[in-house]
Amino acid sequence: MNFATTIDQVYGFKSYNPTDIYICEELGFFLDKIHKILHNEDTNINIRVFPNICQSSFPETPSIQTFFIRPDDIPAYEDLVDVFELVSDRERQAVIFKVYKQHKWFGEVGEIIPTFKEHLDGRFLLNDFGVFRSHCGRRCMYKPGSCNICTRMIELGDTIKDKGYVLLPDY
């Protein structure tokens, strides 16, 4: 199984006329562009992702800057991704599947995405988090200072927590 982590790989794999391509690592921040390449009048290749794994080509990348999709953010990606493939051990598989199916996780991100190594509690995170990340193009790294939305949302969440409030999920 091959995973597309660069645009060269997307076009290379596309030339083999596959039914599906796994989009991983940095390309996860460009799903709007990848979708246009793989879903057009010439081709209709399914886009597959691993939402519950933090993905980066460099192991020390801060978790918040890696590609992952929280259960709450699935609706923001549904028009861009065809298959959300969950990775889990047998013990946690049913729970992970249920949480992602419900699109709700009211707790620490690291509890549902075990490779997430930082503190991020969904109870204090704005519901638009996934909307911003689904098409951000990773501006925080390509053009430093032009986007700090993830950091700002975490800071706002800390303020909300410090004030004793909790953000209820949209149901």
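Which residue follows helix 8, and is its phi positive or negative? In this model, which is a predicted one, helix 8 is followed by Gly-164, and the phi of Gly-164 is positive, near 85°.

Let me stay with that helix for a moment. Helix 8 covers residues 149–162, and because 14 residues at 1.5 Å a residue should span 20 Å, we can compare that figure with the distance between its end C-alpha atoms, which is 20 Å and therefore agrees. Within helix 8, the residues Cys-150, Met-153, Gly-157 and Ile-160 are buried. Looking down the axis of helix 8, one finds these buried residues within an arc of 80°, so they line one face of the helix. As a reminder, an α-helix has 3.6 residues a turn, so residues three or four places apart point the same way. The partner of the buried residues of helix 8 is helix 6, residues 129–133, against which they pack, while on the other side of helix 8 we have Arg-152 and Asp-162, both exposed.

Two residues of that buried set come back when we turn to cavities. The count comes to 2 cavities of 30 Å³ or more, and the largest has a volume of about 90 Å³. Met-153 and Gly-157 are among the residues that line the largest cavity, and the lining also includes Ile-154, Asp-158 and Lys-161, together with His-119, Leu-120, Asp-121, Phe-124 and Leu-125.

Now to the charged side chains. Side chains of opposite charge can pair when their charged atoms come close, and a search of the whole structure finds 8 salt bridges. One of them is between Glu-26 and Arg-138, with the closest N and O atoms 3.5 Å apart. This pair links distant parts of the chain, since Glu-26 lies in the loop between strand 2 and helix 2, whereas Arg-138 lies in the loop between helix 6 and helix 7, 112 residues apart. The two partners differ in their surroundings: Glu-26 has a relative accessible area of 26% and is partly exposed, but Arg-138, at 6% relative accessibility, is under the 20% cut-off and therefore counts as buried.

Arg-70 is worth a separate look, as it takes part in a salt bridge with Asp-72, at 3.9 Å from N to O, and also in one with Asp-73, where the closest N and O atoms are 2.8 Å apart. Asp-72 and Arg-70 are both buried, and Asp-73 is buried as well. Elsewhere, salt bridges that share partners join Asp-20, Arg-48 and Glu-85 into one network.

I will finish with two loop residues. Phe-68 is in the loop between strand 3 and helix 3, and with a relative accessible area of 1% it is buried. Leaving out residues up to four places away in sequence, Phe-68 touches Pro-51, Ile-53, Cys-54, Ser-63, Tyr-77, Ile-113, Phe-116, Phe-129 and Arg-133. Of these, Pro-51 is 17 residues from Phe-68 along the chain, and their C-alpha atoms are separated by 5.1 Å.

The second loop residue is Thr-43, placed in the loop between helix 2 and strand 3. Thr-43 has a relative accessibility of 15%, and because buried means under 20%, it counts as buried. Setting aside its neighbours within four places in sequence, Thr-43 is in contact with Lys-14, Ile-37 and Leu-38.

Note on methods
Residues numbered from 1 in each chain as written. Predicted model: local features only at pLDDT ≥ 70, side-chain atom pairs only at ≥ 80, totals over all residues. Heavy atoms only, no water. Helix = DSSP H or I, 4+ residues; strand = E, 2+ residues; numbered from the N terminus. Expected span 1.5 Å × (residues − 1). Buried < 20%, exposed > 50% of the residue type's maximum accessible area, 1.4 Å probe, protein only. Arc of directions from axis to C-beta. Contact = heavy atoms within 4.5 Å. Salt bridge = Lys/Arg side-chain N within 4 Å of Asp/Glu carboxyl O. 1 Å grid on protein atoms, 1.4 Å probe; cavity = no way out; pocket = protein on both sides within 12 Å on 5 of 7 lines; lining within 4 Å. Points joined across faces, edges and corners; volume = space filled by probe spheres on them.
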